[in-house]
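Here's a quick tour for anyone about to open this one up in a viewer. Have the sequence and the coordinates side by side, and we'll go through it topic by topic.

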Amino acid sequence: MPQVRIIAKNFMDMVASLPAMKLDTLYQNAFICEAILRSLPPLAKKYVVQILFFDGPVSGKLLEQWVLADGVTKHRVAIDRLIQLRIFIEVSDKKRESSYKLNQTFQANLRKHLTNGGVLPRETMAAVVKLPSLEELDTYALEQWECFLLLLISSGQAEKPTSLSSSMMKIFQRGLLSQRDRDAPRLTEGGFQFLLMDTNAQLWYIIREYITNSEAYNMNTLTEIQRNTIKDLAELGLVKLQQVILVWAIGRKESWFIPTKLATNLSVSLTDSSSRKQGYVVVETNFRLYAYSSSKLHCEILRLFSKIEYQLPNLIVGAITKESLYTAFENGITSDQIISFLQQNAHPRVAERLPSVPENVTDQIRLWEADLNRVEITPSHFYDEFPSRDTFEAACDFAREWNGLLWEDSKKMRVVVKAEIHMNMREFLRGQK
């Protein structure tokens with residue numbers, strides 16, 4: 001799941017960029033400490049667990065002894081990441097040898113969490129209401145998530161009012177949707193690419209953008225922010241809101257939320273494939289595509305890069321054509337993303353094959369992309385008949401400074417520049433007369 005790893009890595013980079021004071025504040029929460037631990041590289045995770053109950057500094061040479069000879073690079077990556085996150089505090093002894101000790105706040109809270117286990121904020125309350133079963137939660141999460149993705153697709157295809165909250169729309173307008181004046185929102189290149197990501201990668205993207213978007217809120221309104229956040233997560237299907245009637249409070253109601261699999265699967269190791277959804281796509285050597293699904297969302301996503309011919313109650317039939325792929329490429333989707341999507345969503349009947357998508361199909365997808373990218377059109381302007389060589393050379397230097405020089409012929413004193421600097425070039429040449 002390379003996309004998940006990339007998104008999660010970017011998320012951890014964002015956490016690592018926080019000021020030391022904010023990081024220490026984060027580490028006061030034991031659940032955050034656990035989440036950070038889960039997201040560390042395997043070797044970094046091993047170091048933290050092994051010295052978690054050791055109070056003094058540990059020498060760098062000792063840590064190196066825990067690694068095999070071919071693991072030196074991974075060792076350095078692990079140490080660097082731990083220092084960036086302020087989990088490791090680097091100290092030097094009298095011999096000027098590096099040693100590392102765990103961040104005291106992180107260490108204390110993670111110790112407590114692992115020793116005592118996670119503690120709910122308050123005791124579970126008896127209630128006169130039937131809580132949803134796991135199957136009902138799964139169905140709810142799937143319906144909400146598919147509804148959200150369909151809404152995202154329709155935002156780029158039809159003038160249709162959106163039911164998403166303003167805070168969620170801000171997130172999507174940062175990189176997935178664009179809107180000009182009163183026109184309907186349209187999917188950006190990033191938006192089309194987002195639709196082909198694995199579900200966990202999509203969720204990591206939203207969480208990363210959500211946290212970034214929330215950085216500027218006043219801490220005094222934390223309780224209100226938390227309530228709004230839960231509502232937003234419910235829209236995506238990560239939690240289900242539940243009204244609970246208290247037995248002893250004469251019918252008084254309380255609002256509770258229940259995490260669904262979409263949320264709980266984010267906390268598993270990124271290398272754990274047990275939580276991956278079952279695939280549904282079969283691609284044949286003749287470029288025919290069969291999707292064993294009744295989902296409207298699956299149909300719309302396949303339509304992004306293939307020609308859908310007809311849809312039966314439990315079967316979508318289509319074909320990967322040159323024209324359908326050109327449309328996808330023009331929308332910013334790459335051949336690698338299409339191939340990765342087909343491989344990740346391969347039907348169990350073909351998923352065990354190597355390769356799960358026929359090689360002639362993947363090769364042709366890449367060739368069609370290369371064919372489309374063979375010629376790149378750049379709007380430009382041609383200049384010649386310069387009054388002197390000094391003026392010509394000055395014009396070339398000016399275009400270089402503006403990063404707009406496309407071609408020059410020093411012998412015949414001719415030059416081609418990007419159209420975007422044309423007006424500036426004209427003003428410059430007038431000043432040379």
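What follows is a short lead and then some notes grouped by topic.

Keep in mind that this is a predicted model. The protein chain has 20 helices and 14 strands. Of its 433 residues, 41% are buried. If you look at contacts between residues at least 6 apart in sequence, 63% of them join residues at least 24 apart.

**Helix 18 and its two sides**

- Start with helix 18, which takes in residues 359-372. At 1.5 Å a residue, its 14 residues should span 20 Å, and the end C-alpha atoms do sit 20 Å apart, so expectation and model agree.
- Which residues of helix 18 are buried? They are V361, T362, I365, W368 and E369.
- Those buried residues cover an arc of only 125° around the axis, which means they lie on the same side of helix 18.
- The general rule behind this kind of pattern is that an α-helix has 3.6 residues a turn, so residues three or four places apart point the same way.
- Flip to the other side of helix 18 and you'll find E359 and L367 exposed.
- What covers the buried residues of helix 18? The cover includes strand 8 (281-283), helix 15 (322-330) and helix 16 (335-344).

**The four-stranded sheet**

- Strand 8 also belongs to an open sheet of four strands, ordered 8-9-11-10 with antiparallel pairing.
- At the edges are strand 8 and strand 10 (307-312), each of which pairs on one side only.
- From one strand to the next, the twist averages 20°.
- Strand 10 and strand 11 (residues 315-319) run antiparallel and are joined by five bridges.
- Want some pairs to click on? Y310 has V317 in strand 11 as its bridge partner, and L312 stands opposite L315 in strand 11.
- The link from strand 10 to strand 11 is a hairpin, made through two residues.

**Helix 19 against helix 20**

- As a general point, two packed helices are described by the angle between their axes and the distance between the axes.
- For helix 19 (residues 389-401) and helix 20 (residues 422-432), the axes come within 11 Å and cross at roughly 150°.
- Is the crossing of helix 19 and helix 20 left-handed or right-handed? Helix 19 passes helix 20 in a right-handed crossing.
- On the helix 19 side, T391, A394, A395, F398 and A399 do the meeting; on the helix 20 side, their counterparts are N424, M425, F428, L429 and Q432.

**Two buried side chains to check**

- E146 is in helix 8 (residues 134-155). Its relative accessibility is 16%, and since buried means under 20%, E146 counts as buried.
- Leaving out residues up to four places away in sequence, E146 touches S295, L297 and H298.
- Q107 is in helix 7 (residues 104-116). Its relative accessible area is 7%, so Q107 is buried too.
- Which residues does Q107 contact, once neighbours within four places in sequence are set aside? They are I51, L52, F54, D55 and L102.

Notes
Residues numbered from 1 in each chain as written. Predicted model: local features only at pLDDT ≥ 70, side-chain atom pairs only at ≥ 80, totals over all residues. Heavy atoms only, no water. Expected span 1.5 Å × (residues − 1). Buried < 20%, exposed > 50% of the residue type's maximum accessible area, 1.4 Å probe, protein only. Arc of directions from axis to C-beta. Contact = heavy atoms within 4.5 Å. Pairing = 2+ DSSP bridges. Axes fitted to C-alpha atoms, helices over the stretch in contact; angles between N-to-C directions. Left-handed = near helix turned anticlockwise from the far one by under 90°.
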